[in-house]
Amino acid sequence: MIKLAPSLLAADFSCLGEEIKKVYDNGAQYLHLDVMDGSFVPNISMGPGMIASIRKVCDIVFDVHLMIDDPIRYIDDFAKAGAQIITFHYEACDNHKEVIDKIHSYGIKAGMSVKPHTDANLMVPFLPDLELALVMTVQPGFGGQKFMPEAVENLKKLNRAIKALGKDMDLEVDGGINLQNASIVKDEGANVLVAGSAVFGAADVAGTVQEFLK
């Protein structure tokens, strides 16, 4: 079953409660929350305080994507803010197992991500300890970028590795996903689709959510 994770980065920040309600009420299962630190990526976005404040709006799954250096520093804060999944980047640290264990210590799911030009096979040794693997199909740091077809190779690699493990886990794709290319990534094994501009920028948000879920 496909799960949709609308990316809040593309929403209208002047009325976040209403924006979240639009996607939640129409069946989106996850809310993707991009956390950027201005170091690992050149942009700055939301922090744990903002996530804690929107936790009050609904009980949708908070899929928190940390695009930050040395992510173990902030696991406590985002877990306490209401994250149910915390994903960090393979490229952002060298203590991967320690970060995964820290996330799990809060009883929440751990995910790992790779940038488009990082070989996803580097993630394979960690798959037994993860609940989610995230493939970036744009360079992380900014919303509204164009889908990079060459990054689908990483999706293929992780899909093969997950099948070989026989493990039930989420394979998520993030970056330039829209109704035109959703079937491409779905066919390569993705079951969680992150979509920002394609959802929150649509004239009919409710209808677009429902189309994705079809």
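The buried residues of helix α1 pack against β1 (3-6), β2 (30-36), α2 (48-54), α7 (197-200) and α8 (205-213). This is a predicted model, in which local features need pLDDT of at least 70, side-chain atom pairs count only at pLDDT 80 or more, and totals for chains, interfaces and linings use all residues. Residues are numbered from 1 along each chain as its sequence is written, and side-chain values use heavy atoms, with hydrogens and water left out.

**Helix α1**
- L16, E19, I20 and V23 are buried (under 20% relative accessible area, 1.4 Å probe, protein chains only) in α1, which spans residues 16-25.
- These residues lie on the same side of α1, because they cover an arc of only 95° around the axis.
- Helices are DSSP runs of H or I with at least four residues, and strands are runs of E with at least two, numbered from the N terminus.
- G27, just after α1, has a positive phi of about 110°.

**D63 in strand β3**
- D63 sits in β3 (residues 61-67).
- D63 is buried but has no salt bridge (a side-chain nitrogen of Lys or Arg within 4 Å of a carboxyl oxygen of Asp or Glu).
- The nearest side chain of opposite charge to D63 is K3, 9.8 Å away.
- Leaving aside residues up to four places away in sequence, D63 touches (heavy atoms within 4.5 Å) several residues, including A5, Y30, L31, I85 and E172.

**D101 in helix α4**
- D101 belongs to α4 (residues 96-104).
- D101 counts as partly exposed (between 20% and 50%) because its relative accessibility is 39%.
- D101 and L31 are 70 residues apart in sequence and 23 Å apart in space, C-alpha to C-alpha.

Key:
The arc is that of the directions from the helix axis to the C-beta atoms. Lys and Arg count as positive and Asp and Glu as negative; His and the chain ends are not counted.
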